[in-house]
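Work through the exercises below with the sequence and the model side by side. Try each task before reading its solution.

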Amino acid sequence: MATPPRTARPPKAEAAGVSAARIRLGRVFRVESKDYFLLLGTTIFLVVFGLVMVLSSSSVESNLEDGGFFVQAQRQGLYALFGVPIMLIASRMPERAWMVAAWPLLLVSCVLQLLVVATPLGITVGGNTNWLAIGSVQFQPSELIKVALVIWLGFIVTKKQGLLDDFGRGILPILLVGGGAIGLVLIGGDLGTVMIMGAMLIGALFLIGVRLRLLLPVVLLGATVFVIVAVSSDSRMRRITAFLQENCTQFDNDDCWQIQHGRFALANGGIFGVGLGNSTAKWSWLPAADNDFIFAIIGEELGLIGAVVVIGLFVLLAIAFARVLRAARTPFAKAVTAAVLVWVVGQACVNIGVVLGVFPVLGVPLPLVSAGGTALLTTLFAIGVVLSVARDPEASVRAAARAQARATARSTGRPAR
């Protein structure tokens, strides 16, 4: 039996179908906020740049430890491959979804951190117990607590919006819960991460309008606890002593060695650098070359120009966060944007300051650039939360209306308004 001829689709109907598809895609993916694109573009550029620098800085140690020059870089690339889509998915979530997830996410992350400090599942690295091993998977629950605190802070600020001028009923409950989560990380000894988290909590409250007089006693108390914990550990005291020592020339001290060779790497780079991949410090001279001290490798290979460009990118990232914060319409949007701003930009300042000798060695990575899967995933997820509040809620409606008008104009031959 002969197959009946297939009916040709009218050109106008085909055009209408293509236009409808464009409208549907526009509703899902199109975001017209300039602040959104500025934040997204800067973030992705830093991630790509970080992959290049991790490949360069980790090649020697990767070959020695893993038997291949590209093993660690491939691992970091895999995390980025998952992290960027996670960020984009998070950017599409509505605010009410984050509000529902706030408490469960904070509780789960705290339970995981409790497993680190209270069970044999916790792993000690560099004197800090901050890794959790479940089977063959290892990760840092402290990084999850950062994200959970961001979302929870947005939730609780929304609920207590009218009580933020009252320390007892408004600020104190926030500090008790947030401080309890940070305290779990402090038990593991990761003082650098604790400092970033504390600054994130207090800084976010200040940026959303909480009066300084309500926060100043908390800052003083936190500083006192920080000093007490710092001097109570031999390893931390060695790092502080190495930092305070003039020129830090005692090469039998591992901490002094790291500080000095970080400076050597920066000095070796000069203005224009020795060229990408040509670092000498990464040949087992500089510990944590692909992580905490990756900025030293950037300065050596790309010179002063490359280092200034990286600093400029984080300044641009801070501007993007500030623009989103200024345009925020809800307490949740303001709180999460302020928290992630202090977290990412503040941690970048601390990391770069350590390499430049402004701060003692604190063991915090350069956000979006340093090697580290958990840190990259959680940072991208947190930026995705900010992107979700940076979107213009009416942008997709306007885009659909314009696309429909153009489709109508093409089908009728009349100019679109």
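**Exercise 1.** Which residues is Val-177 in contact with, leaving aside its neighbours within four places in sequence?

Solution. Contact means heavy atoms within 4.5 Å. With those neighbours left aside, the partners of Val-177 are Trp-103, Leu-106 and Trp-152. Next, place the residue: Val-177 belongs to helix H6 (residues 167-187). Helices (H or I, at least four residues) are DSSP runs, numbered from the N terminus. Then take one partner: Leu-106 is 71 residues from Val-177 along the chain, and their C-alpha atoms are 9.7 Å apart. Last, Val-177 is partly exposed, at 29% relative accessibility. Buried means under 20% relative accessible area, exposed over 50%, and partly exposed in between (1.4 Å probe, protein chains only).

This is a predicted model, in which local features need pLDDT of at least 70 and side-chain atom pairs count only at pLDDT 80 or more, while totals for chains, interfaces and linings use all residues. Residues are numbered from 1 along each chain as its sequence is written, and side-chain values use heavy atoms, with hydrogens and water left out.

**Exercise 2.** At what angle do helices H3 and H13 pack?

Solution. H3 covers residues 71-90 and H13 residues 373-390; the angle is about 20 degrees, and the axes lie 8 Å apart. Axes are lines fitted to C-alpha atoms, for helices over the stretch in contact, and angles run from 0 to 180 degrees between N-to-C directions. H3 and H13 are therefore roughly parallel (angles under 35 degrees count as roughly parallel, over 145 as roughly antiparallel, 65 to 115 as roughly perpendicular and the rest as oblique). Residues making the contact include Tyr-79, Phe-82 and Met-87 of H3, and Leu-376, Phe-381 and Leu-387 of H13.

**Exercise 3.** Trp-98 and Phe-381 form an aromatic pair: is it stacked or edge-to-face?

Solution. Rings of Phe, Tyr and Trp (its six-membered ring) pair if their centres lie within 6.5 Å; planes under 30 degrees apart count as stacked, over 60 as edge-to-face and the rest as tilted. By this rule there are 4 aromatic pairs. For Trp-98 and Phe-381, the centres are 5.6 Å apart and the planes meet at 70 degrees, an edge-to-face pair. Trp-98 sits in helix H4 (residues 95-118) and Phe-381 in helix H13, so the pair ties together parts 283 residues apart in sequence. Trp-98 is buried, at 7% relative accessible area, whereas Phe-381 is partly exposed at 21%.

Conventions
Helices (H or I, at least four residues) and strands (E, at least two) are DSSP runs, numbered from the N terminus.
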